[in-house]
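Q: Got a minute to go through this one with me? I'd like to jump around a bit and ask whatever comes to mind.

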Amino acid sequence: MYSDRIKQLSYKHGFLACGIAKAENLPLASRQLKDWLDMGYHGEMAYLENHFDKRTDLRNLVEGAKSILCLAFNYFPEPRNKTDFKIARYAYGDDYHIVIKEKLFALMADIQNLIPSFTGRAFVDSAPVMERQWAERAGIGWIGKNSLILRKGVGSYFFLAEIICTIELDADKPETDHCGTCTACIDACPTQAIVQSQVIDSRLCISYQTIEKKEPSTLSIEESKSWIYGCDICQEVCPWNRFAEANNEPRFSPRDIVDWSAEEWRIASKDLSLIKKQITRSAMERAGIEKIASQGFTQLNATKP
Ligand code: SF4
Ligand code: SF4
């Protein structure tokens, strides 16, 4: 009974989907994570080796966990004019960690009004939670061959978030695979980073190279395909994303840097404070100003007439 009420409350806060899974062990995901780490596909992201027991069983992360609410929030922007300085769509506006966390706290307050005994913890890409595996289990979508969660009628341009709670709720059915025989993402990836279905070698991925890697990207300009922060190619080619519709969250409105021309990058190359102002409190802060500036200026040099 509460499950449906909670889902209704989540829509009130702007989430596009809410699914529920029982908090339990994830044996298959545990094996897949171990294999992925053993292959070294995580590159310099050593933090992914930590908290293995919490990652694979949420009850080690939140004491007394019984259920996990999996939530999806649309970030697909209005279409932009083409620029040679491409930024992944999820990073266009304010930092999603901040925006979504606020919405999760507001949702939890509403749930507590409904169920006074409700206790839980909220997560947005911020703790050892295998969010795609949980989202699939909670019926939000399926893990596509590009390793992202895809949802029928929506696509993949949405954030995932979780509330791990200590009450029993009715669980949803896991979603099944709808990639079928399609291989568009694997074929389109310019660096062959999708080494097999659902398996990414991060070290080859433009996203990792332009965000997570501390040292400068080792990809050539040709390989980077003008991406200076992240990469959306394996989403752009996905047929399910033809259903994507623009979000209406004002804080995800694109910042000016998203549309900067070569001339604007040229001006910024003489005044880094212009870049700093643009990326402050956006997801792009993760890479840091030096990395973003260096990637922007490398692209600027490549676009010189
Ligand atoms: S984000 Fe880009 S580089 Fe990474 S797997 Fe997808 S298409 Fe390949
Ligand atoms: S492009 Fe095709 S194979 Fe890749 S995630 Fe989308 S539907 Fe699946």
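Q: Which way does helix 1 pass helix 4, right-handed or left-handed?
A: Helix 1 passes helix 4 in a right-handed crossing. Keep in mind that this is a predicted model.

Q: What's the angle between those two axes, roughly?
A: The axes of helix 1 (residues 2–12) and helix 4 (residues 96–114) cross at roughly 145 degrees and come within 10 Å.

Q: And which residues in helix 1 and helix 4 actually meet?
A: From helix 1 you have Y2, R5, I6, L9 and S10, and they meet L107, D110, I111 and L114 in helix 4. Sorted by class, that contact has six nonpolar, one polar and two charged residues.

Q: Just past helix 1 there's a loop with G14 in it. Where does that loop lead?
A: G14 sits in the loop between helix 1 and strand 1 (17–22).

Q: What does G14 touch, leaving out residues up to four places away in sequence?
A: G14 touches F73, K103 and E249. Also, G14 and A72 are 58 residues apart in sequence, yet their C-alpha atoms are 9.2 Å apart.

Q: How does G14 count for exposure?
A: G14 is partly exposed, because it has 17 other C-beta atoms within 10 Å.

Q: OK, switching to the ligands. What surrounds ligand 1?
A: The shell is N146, C189, T191, A193, I194, I200, C205, I206, S207, C231, I233 and C234. By class that shell has nine nonpolar and three polar residues, with no charged ones.

Q: Which helices supply at least two residues each to the shell around ligand 1?
A: Helix 7 (206–212) and helix 9 (233–236) each do that.

Q: And ligand 2, which residues come nearest?
A: There are 13 residues around ligand 2, and G144, C179, C182, C185 and C238 come nearest. The shell around ligand 2 divides into nine nonpolar, three polar and one charged.

Q: New topic: helix 2. How many of its twelve residues are buried?
A: Zero, so helix 2 lies largely in the open.

Q: What span should helix 2 have, and what does the model give?
A: Helix 2 (residues 27–38) should span 16 Å at 1.5 Å a residue, and its end C-alpha atoms are 16 Å apart, which agrees.

Q: Anything about K34, since it's found in helix 2?
A: K34 counts as exposed because it has 12 other C-beta atoms within 10 Å. K34 and E49 are 15 residues apart in sequence, and their C-alpha atoms are 8.8 Å apart in space.

Q: What happens to phi just after helix 2?
A: G40 takes a positive phi of about 75 degrees there.

Q: That one's a glycine. Which residue has a positive phi of about 55 degrees although it is not a glycine?
A: Q192 is one with a positive phi of about 55 degrees. K225 also has a positive phi, near 55 degrees, and is a residue other than glycine.

Q: Why bring those up?
A: Most residues other than glycine have a negative phi.

Q: Where are Q192 and K225 found?
A: Q192 is in the loop between helix 6 (184–188) and strand 8 (194–196). K225 is in the loop between helix 8 (221–224) and strand 10 (227–229).

Q: How do Q192 and K225 count for exposure?
A: Q192 counts as exposed because it has 12 C-beta neighbours inside 10 Å. K225 has 14 C-beta neighbours inside 10 Å, so it counts as partly exposed.

Q: What about K86, buried or exposed?
A: K86 is buried, because 22 other C-beta atoms lie within 10 Å. K86 lies in strand 3 (residues 86–87). Not counting residues up to four places away in sequence, K86 touches S226, W227 and I228.

Q: Last one, helix 12. Which of its residues are buried?
A: K291, I292, A293, Q295, G296, Q299 and L300 are the buried residues of helix 12.

Q: And what do the buried residues of helix 12 pack against?
A: They pack against helix 7, strand 10, helix 10 (262–268) and helix 11 (273–279).

Q: How far does helix 12 reach from its first C-alpha to its last?
A: Helix 12 (residues 289–302) has 14 residues and reaches 20 Å, close to the 20 Å expected at 1.5 Å a residue.

Note on methods
Residues numbered from 1 in each chain as written. Chains lettered and ligands numbered in written order. Predicted model: local features only at pLDDT ≥ 70, side-chain atom pairs only at ≥ 80, totals over all residues. Axes fitted to C-alpha atoms, helices over the stretch in contact; angles between N-to-C directions. Helix = DSSP H or I, 4+ residues; strand = E, 2+ residues; numbered from the N terminus. Left-handed = near helix turned anticlockwise from the far one by under 90°. Contact = placed C-beta atoms within 7 Å. Nonpolar A, V, L, I, M, F, W, Y, C, P; charged D, E, K, R; others polar. Near = placed C-beta within 6 Å. Expected span 1.5 Å × (residues − 1). Buried ≥ 20, exposed ≤ 12 C-beta atoms within 10 Å, placed from the backbone.
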